[in-house]
Amino acid sequence: MEIEEKQAEVIDHFVKQASAQKGSALGSVVVEATSHPSLFAFSEILAVPTVAELEGTDNSVHLEVLRLFAHGTWSDYKRNSCKLPQLVPDQVLKLKQLTVLTLAETKKVLSYDQLMLELDVTNVRELEDFLINDCMYAGLVRGKLDQLRRYFEVQFAAGRDLRPGQLGSMIQTLSNWLATSDNLLVTIQDKIKWADTMSELDKKHRKELEDRVLEVKKAVSVKEGWSWEREFFNSSKNA
């Protein structure tokens, strides 16, 4: 939540900047936005009309760069580097940070080997420094580094922009979760009712048992009294 709050003012700033520019002039706005250390969401900038108008024009490459930072990874950039402008160091860092977020969407345990491959990192020390200094300290992820087992266990990861078509899938997932929750709630309520019923039956059984014990005690008391009277009568008769 903290990182989303930090981004609000930055997003508003770049939305205004993009709205005031057109065509090739948007190139510098895109570079600045994708280099900014506190900006990790780009859907609002992509939705700016002047940015959307870049589609199919000679300046569409700026739109593609924004889409890369909204949904892509470092590997995506390498595969398409011949079609995209060379990234500046701050952009490279940002895209690698975003790559970690993408990996954390589907796995909560990320092996060092996979991370080094995806991030073009050559040794464990460099990888751990990146995860600690550029990801965890930045508030993008929280987790534990296991040097012995060579993996990063993700406990929290900030969300990225929704990819095209992802919203429908997310809504379906939430609907399934809601249905499961409703079924679970009904099951819990049924168990509570059963427990209440069993509790009432137990109380009734205890009451019946206590009444029977009381009746037995009374019967024993009467019998003992009758035996004492009989014994007294016989003793008097003999006398």
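Author: The expected span of a helix is 1.5 Å times one less than its number of residues, and helices are DSSP runs (H or I, at least four residues) numbered from the N terminus. The model is predicted, with local features needing pLDDT of at least 70 and side-chain atom pairs pLDDT 80 or more, while totals for chains, interfaces and linings use all residues. Residues are numbered from 1 along each chain as its sequence is written, and side-chain values use heavy atoms, without hydrogens and water.

Reader: How do you know that helix 7 is close to its expected span?

Author: Helix 7 (residues 89-106) has 18 residues and reaches 27 Å from its first C-alpha to its last, against the 26 Å expected. Among its buried residues (under 20% relative accessible area, 1.4 Å probe, protein chains only) are Lys-94 and Lys-96.

Reader: What makes the charged end of Lys-94 sit over the ring of Phe-40?

Author: The criterion is NZ of Lys or CZ of Arg within 6 Å of the ring centre and within 35 degrees of the ring normal. The charged end of Lys-94 is 4.8 Å from the centre of the Phe-40 ring, so the distance limit is met. The charged end of Lys-96 likewise sits over the ring of Trp-74, 5.1 Å from its centre.

Reader: Why is the aromatic pair of Phe-42 and Phe-69 called edge-to-face?

Author: Rings pair if their centres lie within 6.5 Å, and planes over 60 degrees apart count as edge-to-face. Phe-42 and Phe-69 lie 6.1 Å centre to centre with 70 degrees between the planes, so both conditions hold. Phe-42 lies in the loop between helix 2 (26-35) and helix 3 (43-46), and Phe-69 in helix 5 (residues 60-71), 27 residues apart. Both Phe-42 and Phe-69 are buried.

Definitions and conventions: Phe/Tyr/Trp six-rings, centres within 6.5 Å; stacked < 30°, edge-to-face > 60°. Helix = DSSP H or I, 4+ residues; strand = E, 2+ residues; numbered from the N terminus. Buried < 20%, exposed > 50% of the residue type's maximum accessible area, 1.4 Å probe, protein only.
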